[in-house]
Amino acid sequence: MSSNENIKNSNELKSVIFCIENIAHELGVNGEQVYLALTEKSDIFHENAR
């Protein structure tokens with residue numbers, strides 16, 4: 001997603017949060033660390049929004 005795109009609805013937001021938190025739980029880290037890894041160290045959120 002580019003910085004000017006918004007999450008379209010609450011279900012989309014819930015899905016993203018669910019995935020991030022489950023990854024964090026499996027890795028034994030907090031959700032913020034996973035989010036940062038997915039947004040700063042990869043293009044995972046941006047590549048699918050094009």
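The following legends describe an overview and several close-up views of a predicted model.

**Figure 1. Overview of the three helices of the protein.** The protein has three helices and zero strands (DSSP runs, with H or I over at least four residues for helices and E over at least two for strands, numbered from the N terminus). From the N terminus, the order of elements is α-α-α. Mean pLDDT (the predictor's confidence in each residue, from 0 to 100) is 81 for the protein, and 74% of residues reach 70 or more. Among the elements, α1 has the highest mean pLDDT, 93, whereas helix α3 (residues 44-47) has the lowest, 65. The accessible surface (Shrake-Rupley method, 1.4 Å probe) amounts to about 4200 Å², and carbon and sulfur atoms account for 53% of this area. Residues are numbered from 1 along each chain as its sequence is written. In this predicted model, local features need pLDDT of at least 70, side-chain atom pairs count only at pLDDT 80 or more, and totals for chains, interfaces and linings use all residues, while side-chain values use heavy atoms, without hydrogens and water.

**Figure 2. Buried and exposed residues of α2.** Of the 50 residues of the protein, 10% are buried (under 20% relative accessible area; exposed is over 50%, partly exposed in between; 1.4 Å probe, protein chains only). In α2 the buried residues are G31, V34 and L38. They lie on the same side of α2 because they cover an arc (from the directions from the helix axis to the C-beta atoms) of only 65 degrees around the axis. Exposed residues E32 and E40 are carried by the face turned away from the buried side of α2.

**Figure 3. The start of α2 and the surroundings of G31.** A side-chain oxygen of N30 comes to within 3.1 Å of the backbone nitrogen of E32 at the start of α2. G31, in helix α2, is buried, with a relative accessible area of 11%. The C-alpha atoms of G31 and I17 are 8.5 Å apart in space, and the two residues are 14 apart in sequence.

**Figure 4. A nonpolar surface patch with V29 in a loop.** I23, L27 and V29 make a nonpolar surface patch of about 250 Å². V29 is located in the loop between α1 (10-27) and α2 (31-40). Because its relative accessibility is 33%, V29 counts as partly exposed. Patch residues have over 30% relative accessible area and no salt bridge (a side-chain nitrogen of Lys or Arg within 4 Å of a carboxyl oxygen of Asp or Glu); like charges are joined within 9 Å and nonpolar side chains (Val, Leu, Ile, Met, Phe, Trp, Tyr) within 5 Å.

Terms used
A polar contact is a pair of N or O atoms within 3.5 Å; within protein, one must be able to donate a hydrogen and the other to accept it, and residues adjacent in sequence count only if both atoms are side-chain atoms.
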